[in-house]
Number of protein chains: 2
Amino acid sequence: MGRVYNFSAGPAVLPEEVLREAQAGMLDYNGTGMSVMEMSHRSAAFADIIETAERDIRDLMQIPDNYHVLFLQGGATQQFAAIPMNLMRNGKADYIVSGSWSKKAFKEAKLYGDARCVASSEDENFSYVPDVDAIEFSPDADYVYICQNETIYGTKYPKLPDTGSIPLVSDVSSMFLSEPIDVADYGVIYGGVQKNVGPAGVVIAIVRDDLVREDVNPLTPTIMRYTTQAEAKSLSNTPPCWGIYVCGLVFKWLKGLGGLDAMKKINEDKAAILYDFLDQSKLFEGTADASCRSLMNVPFVTGDADLDALFVSEAKDHGIQSIKGHRSVGGMRASIYNAMPKAGVQALVDFMAQFERDHS
Amino acid sequence: MGRVYNFSAGPAVLPEEVLREAQAGMLDYNGTGMSVMEMSHRSAAFADIIETAERDIRDLMQIPDNYHVLFLQGGATQQFAAIPMNLMRNGKADYIVSGSWSKKAFKEAKLYGDARCVASSEDENFSYVPDVDAIEFSPDADYVYICQNETIYGTKYPKLPDTGSIPLVSDVSSMFLSEPIDVADYGVIYGGVQKNVGPAGVVIAIVRDDLVREDVNPLTPTIMRYTTQAEAKSLSNTPPCWGIYVCGLVFKWLKGLGGLDAMKKINEDKAAILYDFLDQSKLFEGTADASCRSLMNVPFVTGDADLDALFVSEAKDHGIQSIKGHRSVGGMRASIYNAMPKAGVQALVDFMAQFERDHS
């Protein structure tokens, strides 16, 4: 069997060029006589890999000098604890709950202090993003937390909340590097890389330097302290070297495409193919509110669970994989990350059109 | 350049057969049409990978049914915090400090309770393992902690401490799967895999079921609770899928060699080549006490720092890489893990003999 169109929400499709390069160097990376998986994290070869990766993501995202770029482990889930442990000084934080991931982060934060849910869209099964202009933030909150793109519900913040001098912390896992953002709008930007950037097992955290502080919760594990990681340039202990290497290859691939402006344009084009089809379809319906549709994750349903299951099953015969929706929404979900080619989205829409003709 | 003999202490050499298999499936694992790096951790294909890996390590180590096998992130360093957070109930633990890693673990444990150093070999720069029969353990200790093989100093416990009913916790990172051990002697066995088992970014913890308990330190991050990971079979969040896959390939490779009895025999043969040479050499000297020599990490010196540096530099011309010793010991260190072929150890000893002739 050849390569399939893999619509998995994460871990997810990677650029074929990146896989081919990783494959080529598997036994001998760049003349070192060893795989990247085998080399000391203190070696010159690995220093070049991680330093180049940091330089390239700084370049791609135009990260200001007063932000640290940390390559960490444990995924977004570990940051759900690391963030309150590192940032809560008044013991207060405001959470906007717009889906499963921000809800989990909110729950975890309550272990460490007075986390308050300041807005939620759970009343409509998280199909929309709360109106950020209607929120009153706690003046003494240590930070305001959002998940900027909710993978399961397919929503993205149409605008960021204005939090004034309170640092904004954003989980960008499922939209990481999919479009330009202004890093200066945030205190912390972080994401697991396994959706848009690389293999599972790496989380990248971009942390403003005033938030890298010694006065953390005293029970914070040393490895989870931003000070530890910032001082050691992510090398305080052995980092997930292979994952960082693959992320670096993806950064090069993005630069080769023309950077995040070019990537955004490609992503908008791809998403338009799918949303335009959904908007005229009599069988399929997108579940996210049109005001806050994600460019990356597109959940849709027929309204008939049996028909949904048939669609998922028949899609496989057309090389369309991992299209089943999350159980919280049902139906289907097409995750059309950076590495999903336009031809994949077109193949999906062609099959949807055929399925609609066959079942109307 | 071809493959080199890579004596790195970790990340370290992997079996060439394993690398070739990982390379072959890079764009299409087992007919799935995608890389293991791209597949959902909830997919049937990945379920098969992680379940097979667990079965194979249980088989190799003969792990009793009342132990959980957890595939985690954050390396041994994260376990330095996870262990006291999960296991301290009386708030007390006894640590034997026989090198840098047990010393770091001890320091971290003090964040969470009354950790006591019950024996140390720091007086002789950790060149030996304290006599475990001379130690009086605290009767109310929640556990006794050891690092069974200290990577930097090249020591291994010649026998385990008898801790009675107190659970023994052992960091086996640098001797993982290098020889059979009796799992029933331990409460927790854990190790980062990047020395003997796989690529950096996975830690395997083998935890007796009575130590997987709800009454942990209340500030323990959810992801670090053994209950979370045991209940979810290591899939509570996205695991480091690629690393687990490569570990699974290494397990198959070990089974193909004949399991851990056969591996131990091979490792003893390899280590003997190097130790026998050191014992007769007039130039080189092993730094670890003969009573507790590691089969895996062999530090040695000439006694002349300039000559050591020359050795390290000239070794590269003979395809001998990453042989420089850790700064705490100086000189050289040959890490001769499972995947280091006998020919590599022979090449090292041949070069040492030549170097000795040239410099005597």
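**Exercise 1. Which element gives the most to the lining of the second largest pocket?**

Solution. Start with the ground rules. This is a predicted model, in which local features need pLDDT of at least 70, side-chain atom pairs count only at pLDDT 80 or more, and totals for chains, interfaces and linings use all residues. Residues are numbered from 1 along each chain as its sequence is written, chains are lettered from A and ligands numbered from 1 in the order in which they are written, and side-chain values use heavy atoms, with hydrogens and water left out.

Step 1. Take the pocket. On a 1 Å grid over the protein atoms alone, a pocket is an open set of points where a 1.4 Å probe fits, with protein on both sides within 12 Å along at least five of seven lines; lining residues have an atom within 4 Å of a point. The second largest one has a volume of about 1200 Å³ (the space filled by probe spheres set on the points, with grid points joined across faces, edges and corners).

Step 2. Find its centre. The lining has 49 residues, and A:Gly10, A:Arg333, B:Ser40, B:His41 and B:Arg42 are the closest to the centre.

Step 3. List the elements. Two or more residues each come from α3 (75-87), α4 (100-109) and α8 (305-316) of chain A and from α2 (44-61) of chain B. Helices (H or I, at least four residues) and strands (E, at least two) are DSSP runs, numbered from the N terminus. The answer is α3(A), with four residues.

**Exercise 2. Sort the lining of that pocket by class.**

Solution. Ala, Val, Leu, Ile, Met, Phe, Trp, Tyr, Cys and Pro count as nonpolar, Asp, Glu, Lys and Arg as charged, and the others, Gly among them, as polar. The result is 16 nonpolar, 25 polar and eight charged residues.

**Exercise 3. Locate the cis peptide bonds at A:Pro11 and B:Pro11.**

Solution. In chain A, the bond joins A:Gly10 and A:Pro11, with omega about -10 degrees. A:Pro11 sits in the loop between β1 (5-6) and α1 (16-24) of chain A. In chain B, B:Gly10 and B:Pro11 are joined by a cis bond, with omega about -10 degrees. B:Pro11 lies in the loop between β1 (5-6) and α1 (16-24) of chain B.

**Exercise 4. Trace the seven-stranded open sheet of chain B.**

Solution. Step 1. Read the order: β2-β10-β9-β8-β5-β3-β4, with mixed pairing. Two strands pair if DSSP finds at least two bridges between them. The edges are β2 (67-72) and β4 (114-120), each pairing on one side only.

Step 2. Take one pair. β3 (92-97) and β4(B) run parallel over six bridges. B:Ala93 has B:Ala115 as its bridge partner in β4(B).

Step 3. Add the helices. α4 (100-109) of chain B packs on the sheet and touches β3, β4, β5 (144-147) and β8 (168-171), at about 160 degrees to β3(B). Touching is contact, heavy atoms within 4.5 Å. Angles run from 0 to 180 degrees between N-to-C directions, with axes fitted to C-alpha atoms, for helices over the stretch in contact. α2(B) lies across β2 and β10 (203-208) of chain B, at about 130 degrees to β2(B).

**Exercise 5. Relate chain B to chain A.**

Solution. Step 1. Superpose by least squares on the C-alpha atoms of residues with pLDDT of at least 70 in both copies. A turn of 180 degrees and a shift of 0.0 Å along the axis lay chain B on chain A with an RMSD of 0.0 Å. The two copies are therefore related as by a two-fold rotation axis.

Step 2. Look at the axis. B:Gln23 comes closest to it among the residues of chain B, at 2.6 Å (C-alpha).

Step 3. Check the interface. 100% of the interface residues of chain B are also interface residues in chain A, so the copies meet through the same surface.
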